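Thanks for coming. I have one structure to go through today, and I will put it on the screen before I say anything about it.

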Amino acid sequence: MTTQDILVSEGLAVGHGGNVIMTSIDFRLAPGRILAIVGPSGCGKSTLMRSLSGLDLPLGGRSEVLGLDLAVATATEREGTLRRLGFLFQGSALFSSLTLRENVELPMREFLRAPRREIRALAEYKLALVGLADAMDKMPAEISGGMAKRAGIARAMALDPDLIFLDEPSAGLDPLTSGRLDELILKLRDTFGTTIVLVSHEVPSILRIADFCVYLDPDAGRMGAYGPPRDFLAAGSHAKAHAFFSQARIS
Ligand SMILES: Nc1ncnc2c1ncn2[C@@H]1O[C@H](COP(=O)(O)OP(=O)(O)O)[C@@H](O)[C@H]1O
Ligand SMILES: [Mg+2]
């Protein structure tokens, strides 16, 4: 008996409107692992995330999320699976007219049949978890970029997802704040066993937190390499992935 993989991609092709931009995505991700998707801007990282989650359908190959084969799943099945996923979209903002607590309560109100008081307590718990216990009644405009990311992660965790997608969570943050975010991501994984897929350009962060890495090669239009990030520090590994990891290491 093996534990069921959370994500399975076999020769997966992704893109927009029938237009394929990235092919040959091949990897499996076991529960509780952290996967980083890396590659140059515009190569299809966000597009791949949407396809892995089932928000978009595969344009070829096979893709499974939480045991659901996306090519044959019904819309109802996909919707059921989506409820077990959490998202922090690239550049995603909190609702500016709601407090942080109300932002986290929103998905709970939509999907949980629970009394208001209970939802409030759950939202407070999630915000405390990301270190925002003292800021729950603040408006998004009153907090820093790092705090907003953490609130966004609390919102992504609102429904206790099995898998969360974090699209460039550390973009625009200073190194110290970004380091704290790494710790938070590891804490979520260690506390809840949540599987995490993230897009990042921060090599030190990827080396620190990711178990595996998918490197997308835009020139070839396909996945260039897959493996533990440390493997790409070695000369003789995939040339472009190696360049990505070693170049940023110097800086
Ligand atoms: N909704 C969309 N419709 C059509 N093309 C898109 C859409 N979103 C992104 N693209 C295109 O797909 C390519 C990959 O985009 P994206 O996945 O956002 O890249 P990355 O996240 O790696 O920066 C880009 O050429 C982008 O212009
Ligand atoms: Mg993107």
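Start at Leu35, which touches Leu29, Val197, Ala210, Phe212 and Val214 once residues up to four places away in sequence are set aside. Keep in mind that this is a predicted model.

Leu35 belongs to strand 3, residues 34-38, and 5 of the 5 residues in that strand are buried. Which way do they point? Ile34, Ala36 and Val38 go one way, while Leu35 and Ile37 go the other way. In general, side chains in a regular strand alternate between the two faces of the sheet. Here both sets are buried.

Strand 3 has two parallel partners to look at. With strand 8, residues 195-199, strand 3 pairs over 4 bridges in the parallel sense. In that pairing Ile37 stands opposite Val199. With strand 9, residues 212-217, the pairing is also parallel and also over 4 bridges. There, Leu35 is opposite Phe212, a residue that is also on the contact list of Leu35.

Another residue from that list is Val214, which sits in strand 9. Is Val214 buried or exposed? It counts as buried, because it has 26 C-beta neighbours inside 10 Å and the cut-off for buried is 20 or more. Leaving aside neighbours within four places in sequence, Val214 is in contact with Phe27, Leu35, Ile37, Met223 and Tyr226. So that you can find it on the screen, because the chain comes back here: the C-alpha atoms of Val214 and Ala225 are 11 residues apart along the chain and separated by 6.1 Å. Now the hairpin. Strand 1, residues 7-16, and strand 2, residues 19-29, pair in the antiparallel sense over 7 bridges. Leu7 has Leu29 as its bridge partner in strand 2, and Leu29 is one of the residues that Leu35 touches. The two strands form a hairpin with 2 residues between them. Gly17, in the turn, has a positive phi of about 50 degrees.

Gly17 also takes us to the ligand. Which residues are around ligand 1? They are His16, Gly17, Ile21, Gly39, Ser41, Gly42, Cys43, Gly44, Lys45, Ser46 and Thr47. Helix 1, residues 45-53, gives the largest share of this shell, with 3 residues. By type, the shell divides into 2 nonpolar, 8 polar and 1 charged.

Next, the core. In soluble globular proteins, nonpolar side chains tend to be buried together. The largest nonpolar core in this model has 60 residues. Those with the most contacts inside it are Leu35, Ala36, Ile37, Leu127, Ala154, Ile164 and Val197. Why does this core lie between domain 1 and domain 2? Both domain 1, 1-84 + 162-251, and domain 2, 93-160, give residues to it.

That brings up the domains themselves. The centres of domain 1 and domain 2, taken over C-alpha atoms, are separated by 25 Å. How many residues are in contact across the two? 10 residues of domain 1 are in contact with 10 residues of domain 2. On the side of domain 1 that touches domain 2, the largest share comes from helix 6, residues 175-192, with 5 residues. The residues of that side divide into 6 nonpolar, 2 polar and 2 charged.

A word on helix 3, residues 100-111. Its buried residues are Leu100, Arg101, Asn103, Val104 and Glu105. What do they pack against? The answer is helix 4, 116-129, and helix 5, 145-156.

Last, two backbone angles to check. Leu66 is not a glycine, yet it has a positive phi of about 50 degrees. Leu66 is in the loop between strand 4, 60-65, and strand 5, 68-69. With 20 other C-beta atoms within 10 Å, Leu66 is buried.

Glu168 is the other one. It too is not a glycine, and its phi is positive, about 50 degrees. The loop that holds Glu168 runs between strand 7, 163-167, and helix 6. Glu168 counts as buried, with 20 C-beta neighbours inside 10 Å.

Notes
Residues numbered from 1 in each chain as written. Chains lettered and ligands numbered in written order. Predicted model: local features only at pLDDT ≥ 70, side-chain atom pairs only at ≥ 80, totals over all residues. Buried ≥ 20, exposed ≤ 12 C-beta atoms within 10 Å, placed from the backbone. Contact = placed C-beta atoms within 7 Å. Near = placed C-beta within 6 Å. Nonpolar A, V, L, I, M, F, W, Y, C, P; charged D, E, K, R; others polar. Core = buried A, V, L, I, M, F, W, Y, C linked by C-beta atoms within 7 Å. Domains from an automatic or database assignment. Pairing = 2+ DSSP bridges.
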